[in-house]
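Me: Hey, could you walk me through a structure that's new to me? I'll throw questions at you as we go.

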Amino acid sequence: MIGVATPRASVASSTWKLLWLRVRIWTSVLRHATVRRKIGTLVVAALVVGFLAAAFAGSWALLSFLRSPELAQIVDLTQLLEALPTVILTGAFLTILVTSFGVLLQSLYLARDMDFLMAAPIPVRAVFISKLIQAILPNFALLCLFGLPVLFGLGASAGYHALFYPLVILLLACMTFAAAGLSAVLVMGVVRLVPARRVAEALAAVGAVASLICSQSGNFTRTMTFNAQQTTQMMDLLSRVNAPWSPFAWAGRGLIGLGTGQGATAALGLGLTLVLAVAIFAVTLRACEVLYHTGWSQMQAGTPRRPHVRPHDAPRAAAARRPAFPRLLPRAVTALIIKDARVLRRDLRNLSQLMTPLILGIVYAAMLARSGGQVDPGRGEAPEWFMQGAGQMMAYGNIGIALFIGWIMLSRLGMMAFSHEGRAYWLIKTAPVTPVRLMLAKALTAYLPTLVIGELFLLVASLLQRAGSSVMLFGIAVVALALAGGVGVNLAFGVAGANLEWEDPRHMVRGSVGCIGSFAGMAYVALAAAFFLGPAMLVPLLGGSAGLGQAIGVVVGGVFALVCALLPPYLMLGRVRRIGEVG
Amino acid sequence: MTDILIETLDLAKRFGDKVAVDRVNLQVRAGEIFGFLGPNGAGKTTTIKMIVGLLQPTSGAVRVAGHNVQTEPLAAKAASGFVPDEPNLYTKLSARELLRFVAELYDVPRAAVERRIEELLRLFDLTAAADDLIDSYSHGMRQKASLAAALVHDPRVLVLDEPTVGLDPKSARLIKDLLRQLAQRGAAVFLSTHILEIAERMCDRIGIINRGGLVAMGTMAELRAMGQGQASLEDIFLSLTGGAEDAAIAEVLQ
């Protein structure tokens with residue numbers, strides 16, 4: 001009989017051990033990394049330090065200028081400057097609150113070491129805290145990277161007390177912990193209701209769509225101009241955020257109080273913030289005891305809901321479901337296309353990436369509709385040839401945008417065509433399928449939906465622009481040919497950078513190849529647009545007919561596109577045989 | 001037509017400086033179950049991956065059903081079925097969709113596909129879950145789906161890497177009976193396992209690999225003769241590959 005000492009691990013020591021383990025793993029990875037990677041890490045570290053120093057110096061100089069008596073005679077910015085810590089700390093809190101949900105879900109429930117940690121004699125609080133810290137550390141580091149130089153610049157420009165600087169870091173950490181704690185409670189609550197994996201998939205889709213909508217909404221607001229009334233409204237909002245009753249303002253006002261030597265304001269603001277942050281975190285820890293372990297256990301023991309696909313309905317039904325084109329293609333090619341379509345459609349994480357071009361298409365179509373497809377003559381001083389050229393560009397603009405949308409789709413469907421097989425690739429590799437057929441299947445899987453979306457966008461945009469039928473027909477041919485070339489380029493890089501070991505779809509293609517492939521895809525689109533649209537725009541300017549220009553464009557661009565469609569995949573056929581092999 | 005369905009000729013695989021498989025020569029005939037044993041890291045899975053065409057050998061050759069896997073991969077692959085140690089499948093397909101997909105890849109006659117799928121689903125007790133996504137399957141169900149996929153085209157050569165891991169006793173028994181029936185019908189079964197009882201009871205011949213090299217091969221009787229009086233496969237295996245010493249065990253248990 002082996003005598004085993006019962007461990008009496010405290011939360012603090014267990015948390016420390018778990019965090020120290022992460023540090024050791026990180027240093028071990030770095031120690032065993034290639035020289036190139038080590039140098040890369042050092043370069044990145046040097047760049048980060050350089051950025052911090054530059055941002056601090058820039059902030060210091062700018063804030064000193066904003067405080068200058070000369071500027072104060074023109075506009076008084078005291079209110080704005082005093083609200084700066086509140087704005088940054090509030091932003092940090094809200095950013096962590098929103099962005100932590102996904103990373104905490106992954107870290108608290110879906111990490112691979114959870115079985116080991118939950119089975120070990122470690123307090124569940126320690127597991128929770130260490131996972132929480134690991135999850136929020138990257139976001140916290142980003143906040144520090146952008147927030148600290150500004151806040152330190154504020155302190156330096158106003159000559160604040162030395163205590164200001166460490167307290168800035170302490171408060172930033174406290175607010176980060178409080179926000180992450182609230183986010184963790186939300187995660188634990190949601191996971192009690194919906195399986196963690198399903199939540200992660202849905203979150204990836206919602207996150208991608210939301211971030212795209214946010215980024216594209218800038219296209220509409222960019223044209224807006226702020227008037228005096230709106231500026232006043234913004235200043236009012238700022239003052240409300242920095243109001244003494246707002247918990248968000250306590251930390252900021254406390255820091256300003258500390259800096260300006262107002263002891264009572266500083267003590268009250270900073271004290272209240274610290275008490276509130278500690279209280280929130282204590283509540284989170286209490287909730288974790290109730291929710292975390294039971295939620296995790298439920299996830300392990302509970303029978304997962306079985307997502308049901310359309311039930312089997314006799315071979316006749318299966319035959320009826322087959323698309324119209326299978327007879328034209330070898331069976332293996334058709335099977336691969338159908339399989340890919342099903343897998344892509346059913347995985348929300350993939351779907352989110354494919355939603356991007358759709359949203360872009362809608363946004364740009366709306367912008368085109370708003371502009372009416374006409375060139376703004378301005379004050380009418382532009383020369384005739386310039387206006388004619390601009391008109392031509394406007395007429396072919398929708399083709400360019402259709403190619404851009406296609407490029408985004410192909411960078412997912414083409415470049416990741418092999419990688420998205422993941423660890424199930426052995427099924428294809430051990431099957432009697434030639435590399436040519438495999439490449440053809442992957443090319444069609446990427447090409448067909450991209451073609452449909454690209455042409456659909458083109459038709460809608462052309463109708464909105466009231467484009468002529470010749471331009472529309474020219475556009476249809478250009479999009480069809482140019483996208484075929486794009487498939488070839490993206491597929492070739494997808495083969496070169498195929499990664500079958502991914503967990504997160506964002507890591508499907510190996511870093512450097514993915515990066516070069518994106519640039520190559522972009523360069524291809526630019527060149528294809530030049531070859532197709534260049535003659536179509538130049539020939540009329542030189543006195544030729546539009547039809548002649550379009551015909552030359554289709555021939556020149558078509559040759560270029562077909563070469564790109566066939567040559568890169570052909571060159572990569574040998575590599576297809578080696579996909580998934582190490583050594 | 002030859003009755004040697006699997007043949008490796010001086011098969012070797014290197015990963016950088018490390019020799020994973022070192023000039024392995026073996027033959028498996030039609031109707032034979034061949035057990036492939038070896039300690040962890042001995043080169044079993046690497047050998048298997050070369051047999052099914054997942055890895056290119058550094059040197060040597062593999063012939064499956066008379067076809068060289070490197071020069072005639074399509075013919076060799078069409079004749080074989082493979083069950084890996086980890087049942088990594090397309091989790092967003094149902095078992096029925098997976099089997100249909102594999103049947104199309106292997107060009108199984110259209111008229112036979114649905115009937116074959118139904119038979120396999122019934123055989124592996126997957127009919128009730130046939131239209132559920134594999135995402136929701138347990139490890140054992142995935143393993144059974146993987147086995148069904150390997151059998152959908154009725155292969156002449158079946159290669160299995162640890163097929164009984166994660167299976168309940170009923171399913172493990174089903175696999176054993178199935179492999180025996182397949183062999184009786186003339187298929188060659190190449191099976192790697194750590195469960196020596198399975199190898200001893202099921203396999204017609206056994207090969208033992210250690211540190212990349214084949215250290216013994218033969219029937220149980222032949223291995224016993226080589227084992228200098230040792231009666232069980234476990235003793236023979238440990239004497240050939242090196243087992244834990246008594247002192248080391250005692251030290252751990254102190």
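Reply: Sure, here's the background first, then the chains. It's a predicted model, where local features need pLDDT of at least 70 and side-chain atom pairs count only at pLDDT 80 or more, while totals for chains, interfaces and linings use all residues. Residues are numbered from 1 along each chain as its sequence is written, and chains are lettered from A and ligands numbered from 1 in the order in which they are written.

Me: How many helices and strands are in chain A?
Reply: Chain A has 21 helices and zero strands. Those are DSSP runs numbered from the N terminus: helices are H or I with at least four residues, strands are E with at least two.

Me: And how much of chain A is buried?
Reply: 36% of its 583 residues. Buried means 20 or more other C-beta atoms lie within 10 Å of the residue's own, with C-beta atoms placed from the backbone.

Me: How many residues of chain B are in contact with chain A?
Reply: 36 residues of chain B, meeting 34 of chain A. Contact means C-beta atoms, placed from the backbone, within 7 Å.

Me: Which helix gives the largest share of chain B's side?
Reply: H3(B), with seven residues.

Me: New topic: which way do the residues of strand E6 of chain B point?
Reply: Ser80(B) and Phe82(B) point one way, Gly81(B) and Val83(B) the other, and all are buried.

Me: What does E6(B) join up with?
Reply: Strand E7 (residues 157–161) of chain B, running parallel, through four bridges. Strands pair if DSSP finds at least two bridges between them. Gly81(B), for one, has Leu158(B) as its bridge partner in E7(B).

Definitions and conventions:
Contact = placed C-beta atoms within 7 Å. Buried ≥ 20, exposed ≤ 12 C-beta atoms within 10 Å, placed from the backbone.
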